[in-house]
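Thank you all for coming. I would like to walk through one model this morning, beginning with a single residue and working outwards from there.

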Amino acid sequence: MSDSVFKDVESAPPIQVFQLTKLFLDSTDPNKVNLGVGAYRTEEGKPWVLPVVRAAELQMASDETLNHEYLPVAGLPDFRTAATRILLGQGHKVLAEGKVESFQALGGTGALRLGAAFLKNVMKFSTVYISDPTWENHRGVFQAAGFNDIKLYRYWDNETRGLNFAGMCEDLSNAPANAVVILHGVAHNPTGIDPTREQWRQIAQICKEKNLFVFVDCAYQGFASGSLEEDAWASRYLADQDIDMFVAQSFSKNFGLYNERVGNLVVISKDPKKLTEIRSQMEIQIRVVWSNPPNHGARIVTTVLNNTAFFEEWKGQILTMANRIKKMRQELLDNLKKLGTPGNWDHITKQIGMFSYTGLTEKQVEYLKSKSIYLLSSGRISMCGLTSKNVAYVAKTMDEAIRAYPTLNFSAHAGEPGPGDESFSFVEFARQKLNPPEQGYNVVKTSVIIDGALEREMGENEFKLKDTESSESFIKIKMLGVLSSTSTPEAESKQCVTLDEEAEDGENVDLGEVQNILSIDTQAGTLRTSVKTFKTRSIQTVASDKVEPDTYKNRAIPARFEGTMMTPVYFDGIMITPEKLDVMLTEASKKGDNFSLPIKLQGGMLSTAFKAMSQTDKGDEPVPVKFHGKLQGLLEPNKDGQSVPVTFDGNMRKLE
């Protein structure tokens, strides 16, 4: 048999949210919880068909005037009118001025896809800005429509677990004219964090001044507060700004019509005379995608919105769903506080809508999944999956995950690391590690001894000492040696790793022993408050026969640094604390091993020390030095990204 034409087709990565649902359904664990899918669930964890939807369907079933003929290409007229009225409010000025047109679509996704196709094919736009993070399908929809320049604007602030408004405004202010900007109308997915009304006003002003095309995704009207009017405020305000814009509406959530795919694309034009042309072009886009919209779901929505009794009943049922979600937020927070879970979790109740962006790391998420609690790897959870029966179990498992795989925030000021609003993440801390702000940063301070030799890196003919008081690096100097410390008071001083090429390359370090110690002792991420203070140290020496005394004045000076090593508590998966150094050397001492950590340092102050110690009459005097370096030998020696950045502050003197 000949090869299939499909022989080179590879499997695409699974769609995460639907994969989670499959894992949940396949699980036999009685405690299993699905926090992935964005669909409302009752207190019993069951799907809920809204009573008003059932009533509308019964009425439709008995209406013999209904048939299954094609709808207009733009969709059911009564549906489009009613949906647009719910979004903008009765009597909004753009409705009164005839500046609005709408098109029935296949859910909110279809409305986005239709709008994206129009903007690309008709308007020739190619750049779109989406929030970071955003609903994962935003990128895919615009890529499929042909947008080749998809950019991010900052949104989530991981430290405050809130909105990075300054970053958002800066990014939008730098966007080019005619770029499309996707804004979440209410209940931002996945974060659950919305701008305040004043912030919305500033966002609108930026978009107007920069001539950005606003495309609002409004998928959760009613779900955030329980009020249709409250949740439509941002969309209505933007529509009031005399700008051209699109709004994608979805009725999947607030009607529970997930599989009916009921959506609406609202088009607002500053020039009402252009709506006829816009409609003609939009219908061409519809024709080549789904040709004609489905009737049943749109007919349900129309029946409810145009019947006063049904409409009031529906608003009450929206409020029921919104209130249950709020209740679950509070119960989850209360349980975490009761457990004393590390960190501040108030953002759970500050967020709104269906989802909460918890801030859980991928390792913590994997732990929850191992306990049959299914959620996205980003840490986003659907609050609808929580019930009063499972919320305690979820909170307990979250607590276990956070303690097993802790994360640290580093205070902007010196002190102990810990969570809070006045802190910044390790990533930001690491970014500033070799360029600390004036106010300092959080470090662990360790008393250390470094024995080694100051060496110049230039050739002998290039070596020139200049008569200067400046600490500027007038010659490039490095120090090769070992850093050592031990808490065993009776431990004898041991010979250090000798200063030869092998020591520089880290080959004298038993990496297997290091990794073994790292695997059984203090784990990465341990809070500083949970490790003991380290105050003892050992004095170790450099083998004198490895240094050429007749040439050290201009080649190498054996030297000892005594002072403080300041290092991040957590860096690149490795915990470097005073206790860590203590444990590593103590274990080696018990086995009779000669163990030390190789270092390689260089900096301007080392040049000053080299100059001072090169002068015979000053060589015995301590030289104050402060320099940055990298601690190596914990993983792969001398490999970029595998070293720990450190700052040393102390005195250096010549070794006899």
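Let me start with Glu-43, which counts as partly exposed because its relative accessibility is 23%. What I should say straight away is that we are looking at a predicted model, so please hear every value in that light. Glu-43 forms a salt bridge with Arg-324, and the closest N and O atoms of the two are 3.2 Å apart. Since Arg-324 lies in helix 13 and Glu-43 in the loop between strand 1 (33-34) and helix 2 (51-61), the pair ties together parts that are 281 residues apart in sequence. Arg-324, for its part, counts as buried, because its relative accessibility is 11%.

How many salt bridges does the structure hold? There are 20 of them, and I will pick out two more. Lys-99 and Glu-97 meet through their side chains at 3.0 Å, N to O; here Lys-99 counts as buried at 16% relative accessibility, whereas Glu-97, at 41%, counts as partly exposed. The other one joins Glu-366 and Lys-369, with the closest N and O atoms 3.6 Å apart. These two residues are 3 apart in helix 15 (residues 362-370), and are therefore separated by about one helical turn. Glu-366 is partly exposed with a relative accessible area of 45%, and Lys-369 is also partly exposed, with 23%. There is a network as well, in which salt bridges that share partners join Arg-80, Glu-101, Arg-279 and Glu-283.

Arg-80 brings me to Ser-102, because Arg-80 is among the residues that Ser-102 contacts beyond four places in sequence, together with Ala-74, Thr-84, Asn-264, Leu-265 and Val-266. Ser-102 has its place in strand 2 (residues 100-106) and, at 5% relative accessibility, counts as buried. With one of those contacts, Thr-84, the side chain of Ser-102 makes a polar contact of 3.3 Å.

Thr-341 is another buried residue, with a relative accessibility of 6%, and it sits in the loop between helix 13 (308-339) and helix 14 (347-350). Residues up to four places away aside, Thr-341 touches Leu-336, Asp-399, Ile-402 and Arg-403. For Ile-402, which is 61 residues from Thr-341 along the chain, the C-alpha atoms of the two are separated by 7.5 Å. Asp-171, found in helix 7, is buried too, with a relative accessible area of 16%, and its contacts beyond four places in sequence are Tyr-129, Leu-152, Tyr-153 and Arg-154.

Now to the backbone. Most residues other than glycine have a negative phi, and most peptide bonds are trans. Where, then, is a cis peptide bond with omega of about 5 degrees? That bond joins Asp-132 and Pro-133, and Pro-133 is found in the loop between strand 3 (127-132) and helix 6 (137-144). A cis bond with omega of about 20 degrees joins Asn-189 and Pro-190, the latter placed in the loop between strand 7 (180-184) and helix 8 (197-209). As for phi, Asn-178 has a positive value of about 70 degrees although it is not a glycine; Asn-178 is in the loop between helix 7 (165-173) and strand 7 and is partly exposed at 39%. Asp-242 has a positive phi near 55 degrees, lies in the loop between helix 10 (233-239) and strand 9 (245-250), and is partly exposed with a relative accessible area of 41%.

On the surface, Val-5, Phe-6 and Val-9 form a nonpolar patch with about 380 Å² of accessible area together. Phe-6 lies in the segment before helix 1 (16-26) and counts as exposed at 60% relative accessibility.

Finally, the chain as a whole. The protein chain has 21 helices and 23 strands, and buried residues make up 52% of its 656 residues. Of the contacts between residues at least 6 apart in sequence, 77% join residues at least 24 apart.

A word on confidence before I stop. The mean pLDDT of the chain is 76, with 66% of residues reaching 70 or more. Over residues 569-578 pLDDT stays under 50, although the model has 46 contacts beyond four places in sequence for that stretch. Over residues 633-641 pLDDT likewise stays under 50, and there the model has 25 such contacts.

Technical notes:
Residues numbered from 1 in each chain as written. Predicted model: local features only at pLDDT ≥ 70, side-chain atom pairs only at ≥ 80, totals over all residues. Heavy atoms only, no water. Patch = residues over 30% accessible without salt bridge, like charges linked within 9 Å, V, L, I, M, F, W, Y side chains within 5 Å. Areas by Shrake-Rupley, 256 points an atom, 1.4 Å probe, with all protein chains shown as cover. Salt bridge = Lys/Arg side-chain N within 4 Å of Asp/Glu carboxyl O. Helix = DSSP H or I, 4+ residues; strand = E, 2+ residues; numbered from the N terminus. Buried < 20%, exposed > 50% of the residue type's maximum accessible area, 1.4 Å probe, protein only. Contact = heavy atoms within 4.5 Å. Polar contact = N/O pair within 3.5 Å; in protein donor to acceptor, adjacent residues only side chain to side chain. pLDDT = per-residue confidence, 0-100.
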